[in-house]
Structures are given as structure tokens and as C-alpha cells.
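This report goes through a protein model from its overall make-up to single residues. Keep the sequence and the 3D view open while reading.

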Amino acid sequence: MTHRLRALGGWMLGWLLLSAAGAAWLAHAQLEALQAAFDTDGRIVHRILSQQVVQNDAVLATLALAGGEGAAGGEARLPAVYPSILRVQRRAPGEAWNDAALAQAEVRSRAQRGPVLADADLARGRYRLVIGAAPASFALDIDLAAAVPWRDWPADPKTAPARMALVHQGQRFELQGGRDAEAPGGWHFRFRKPLASASQPFEVDAERRVGWGELPWARMLAWAAGMAVLLAGARLLRRQRTERRRAEELLRLGQVARLNTLGELAAGMAHELNQPLTAVLASTQAARRLLDEEPPETGAARDAMAQAALQARRAADVLGRLRGTLERPDAARREPVDLRQAARRALHLLEPEGERRHTAMRLEAPEQPVRALADPVALEQIVHNLLMNALQALEEVPPARREVLLRVRAQDGQALLSVSDTGPGIPAELRSRVFQPFFSTRRGGLGLGLSLSETLAAGMGGALAEGAAPGQGACFVLSLPLA
């Protein structure tokens, strides 16, 4: 119970960490998006107001150029054309300004050779520009509220969240009040930039406060819920995998028990069959000697008895090898064996079976011998098992496509013998189990051939593994030390 609670606590901690990390990322992305929108609005306001003040400079420059004859008519029409211009004042040669601020501004304008700011009353939204020129100088009274092009404004000034104003020497002209500019806590954005006119040195000052309520709580909660579902699924899959491994381990233990039982049975069979086989060997040898006496028998009879004796020895060797493996698995007898000859013998023995199954069997081997350190009987068993598996796998393939290929070669200090077929192959999900005892993809198969072959190969210091087939089908490669 304590272990389960500890494991559950680990999963909960992981969920909290993932949820917090995701929520922080979503909040950061939201704040970046809000700041980008705020900066964009500030740049738009700065651009359109800069256009207005540059336009005022252009109006003054135009008046200065046309300050001679006919200028009076143009001055009278300017307020109608430009609503932001409240009044145009003109100082003709020999006249004086009726305001000392305008006179001082004209002196500065002539020194700077351009329009200058005479004075500003941003609380009332008013300021005056002066340009000193010949033959006449001019002054403009400008209304800031009328100068703002509200149709091009990036947001509704009444509901926009940011506060914006024009500031100059401590004075401030509010452009929009800001819905939550005074909200406590949260995050603070600021944008400040002077207008693009030296004669009207006003600055656009924008600020905004983002409160906790503007964070993407719905998405953050959805992320936390998604992480909970994901981790719950991962925990379920892990439990299922653990249960499957436990079941496989129990199955493996059961298979080991079956193998032990089978080993005892095989040992008993080897003990019981060894005596009758020895008797068969002695009888056939005696028959051979009798046939050599007078009256002599035909050569065919002697050859048949010799073949019977040879097969009897082979059967005894096989049973002795099986018993020795079961009793002393590491006591494998190894000697130099030519893999080409072993492959040819196996093909010769199974040639009738291949013809009966309409299967073409080929051998590819180099001209020079490929000698491996191996137990000849165990090697013959392995090759026989691999060939029979290939022939059985080809039962599902049309006869015209049935082919088995044996290849013998030497590579990297190893003698290699591969058996490949053109059958349906082994499904990817079953490849890790092909060498397990009692596992078979063929209906009715015992599932011991590949397992026994792998054990025999390991006992000779080699290995048996699944290889890459040249085309569709299965391939198994036996590797043994070179002699």
C-alpha cells in the first residue's frame, strides 16, 4: 500500500510540474501577444500624429513661400481646410506681434531657419507655431483635439485598455484614458517616443497594465486537464506492460518446467534406445561377416548391411549427443568442418522433400573450403531444422515462387551459413519470440526447432540469429568460429 501511494505521489508531482510549466508557457505567450498588440497600437498612434505635426510644418512653409501678394486669401481659407488650425496670424513688414511669445519665437525661428514652438497649453489642448520669413512671418494656433485623426485610430478611445497621451515639459494632453491603466498588480507595459517634428517636440506616452484576469485561464485549465488525461493513460499503459511482463515471466517459468520434463524424457529415451541400437549395430556387423563367408552373398547385400550399420552409428551418435547436451551442455565436441559439405549433405537428404513440395533449393558457396569449428552432428541438426522450417513456410506460397537459398561465406573471422526463403516472412511483432521454446507460427508446430538450434549453436561457440532476407521471406544466419 505504501509503495502504491508513493508511486501515485510521483505521478501527481509529475502532473503538477507539467501543468505548471504549460501554464507558464501559455501565460508568457499571452503576455507577449498583448505587449506586441500594445506596441503596434503605440507605433500606429505615433505615425498618424507625426503625419499631423509634419503637415503643420508644411503649412507654415507654404505660407512663408507665398507670404507676399495673395497670401491673405489663403490664410483665411486654412481653418476651413484644416480643422486643427484655429487661427492664422501674419506679421507684415514694419508691424509687430501683439504677443511677446510670438516675437521671441520668431527670433528663434530665424536662427533655426524653420518653424518653432511659441508656447503650448496641453491642458487645454492648444499650442502655437511660428515661422520667421520674408517678407512676412506667420503663426498658427493649433487645436490638438481636432488634429487627432480619430477615424484612423487603432482602437476605441473609450474602451481601449491602454492610456495614451502627448506630453511636453511636464504638461499632458490625454488621448485616451485607458480602461485598466490604474489596475493594481499584474504586468506593466510602456511606450514612449517623440513625434517626427523638431518644431513640435511632443512625445507619445502610452502605458498599460495587464491584470491576472487577462491570462488565458481556460487554455491553462485545458492544458492541465490534458496532462492529467495523458499521464493517466501513460500510467495505465505502464501497468498493463508490467502485468504483461509478469505474465510472460510466469509463462517462461512454465516453459522452463516443461523443458526440464522434456529433458528428463529425452535422457530416458537415449538410455533406453542406446542398447537396442548397439544390438542393431552388432547384428549388422555380424551379418556382414557372415555374408563374407562361403557361400558368398552378392555385393548389394553387403552394401545394404554397411549402410544399415552407418545409419545405426549415426542414430547412436545423435542420441548420445542429445543425452550429453542434457547432462553436460558445455561438453560439445568441436572439430574443423567444411560448411559447404555440410550444406550439400543437408540438401541431398532433403532433395526428395523439396521435389515433393515443388520447391527449388540452391546453394551459393565459394570455391575454396569454409572451415568452421563445430560439432558435425549438431551442425547437421541445425541445418536440417532451418531447411525444414523454410520448406514448411513455403506451403502458403504458389509453387512457382517457392525457393530456398543456402549461402556459405567467411566474414570477419566467422564462418556464416544462411538459409533464406521466399515465404510470407515473420511478422515484426513476433520476431522477438521466434527463439522462445514452444513458440511457433505454424499450426500444430511444437516450437522447439529454432530454440534447440540456437542452443546447439551457442554450445559450439557460435550463434543463430534472424537476418535480412534478400526479398520477401525469412532468413536465419548461423555464425561459427573459423577453424
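A residue is called buried here when its relative accessible area is under 20%. By that cut-off, Leu450, Ser451, Ser453, Leu456 and Ala457 are buried in helix H9 (residues 449-459). The model is a predicted one.

## Overall make-up

The protein contains 9 helices and 15 strands. Of its 483 residues, 37% are buried. Its accessible surface comes to about 27,700 Å², and carbon and sulfur atoms hold 56% of that area.

Among the contacts with a separation of 6 or more, 66% are between residues 24 or more positions apart.

## The five-stranded sheet

One open sheet has 5 strands in the order E10-E12-E13-E15-E14, and its pairing is mixed. Strand E10 (360-364) and strand E14 (463-466) each have a single partner strand, so one side of each is left without a neighbour in the sheet. From one strand to the next, the twist averages 15 degrees.

Within this sheet, strand E12 (residues 403-411) and strand E13 (residues 414-421) run antiparallel and are joined by 8 bridges. Leucine 405 stands opposite serine 420 of E13. Two helices lie across the sheet's strands. Helix H7 (residues 339-356) lies across E10, E12, E13 and strand E15 (475-481), at about 175 degrees to E10. H8 lies across E10, E12, E13, E14 and E15, and runs at about 20 degrees to E13.

## Helix H8 and its surroundings

Helix H8 (residues 376-393) has 18 residues. From first C-alpha to last it reaches 26 Å, close to the 26 Å expected at 1.5 Å a residue. At its N-terminal end the cap is aspartate 375, with a side-chain oxygen 3.2 Å from the backbone nitrogen of valine 377.

The buried residues of H8 include Val377, Ile382, Asn385, Met388 and Gln392. An α-helix has 3.6 residues a turn, so residues three or four places apart point the same way. Alanine 378, also in helix H8, counts as buried because its relative accessibility is 0%. Its C-alpha atom is separated by 8.5 Å from that of methionine 460, although the two residues are 82 apart along the chain. Just after H9, glycine 461 takes a positive phi of about 80 degrees.

## Strands E9 and E11

Strand E9 (residues 335-338) pairs with E11 in the antiparallel sense over 4 bridges. The bridge partner of aspartate 338 is arginine 371 in E11.

In a regular strand the side chains alternate between the two faces of the sheet. Strand E11 (residues 371-374) shows this alternation: Ala372 and Ala374 point to one face and are buried, whereas Arg371 and Leu373 point to the other and are not.

## The four-stranded sheet

A second open sheet has 4 strands in the order E6-E5-E8-E7, with antiparallel pairing. Its edge strands are strand E6 (171-176) and strand E7 (187-194), each of which pairs on one side only. The twist averages 20 degrees from one strand to the next.

E7 and strand E8 (residues 203-210) pair in the antiparallel sense over 8 bridges. Arginine 192 stands opposite aspartate 205 in E8.

## Two buried polar residues

Glutamine 200 is placed in the loop between E7 and E8. Its relative accessible area is 0%, so glutamine 200 is buried. Its side chain reaches the backbone oxygen of valine 53 at 2.8 Å. Leaving aside neighbours within four places in sequence, glutamine 200 is in contact with Val53, Asn56, Asp57, Tyr127, Leu129 and Leu195.

Aspartate 143 is found in strand E4 (residues 137-143). With a relative accessible area of 13%, aspartate 143 is buried as well, because the cut-off is under 20%. The side chain of aspartate 143 reaches the backbone nitrogen of alanine 145 at 3.2 Å. Not counting residues up to four places away in sequence, aspartate 143 touches Ser84, Leu86, Gly125 and Arg126.

Methods
Residues numbered from 1 in each chain as written. Predicted model: local features only at pLDDT ≥ 70, side-chain atom pairs only at ≥ 80, totals over all residues. Heavy atoms only, no water. Buried < 20%, exposed > 50% of the residue type's maximum accessible area, 1.4 Å probe, protein only. Contact = heavy atoms within 4.5 Å. Areas by Shrake-Rupley, 256 points an atom, 1.4 Å probe, with all protein chains shown as cover. Expected span 1.5 Å × (residues − 1). Polar contact = N/O pair within 3.5 Å; in protein donor to acceptor, adjacent residues only side chain to side chain. Pairing = 2+ DSSP bridges. Axes fitted to C-alpha atoms, helices over the stretch in contact; angles between N-to-C directions.
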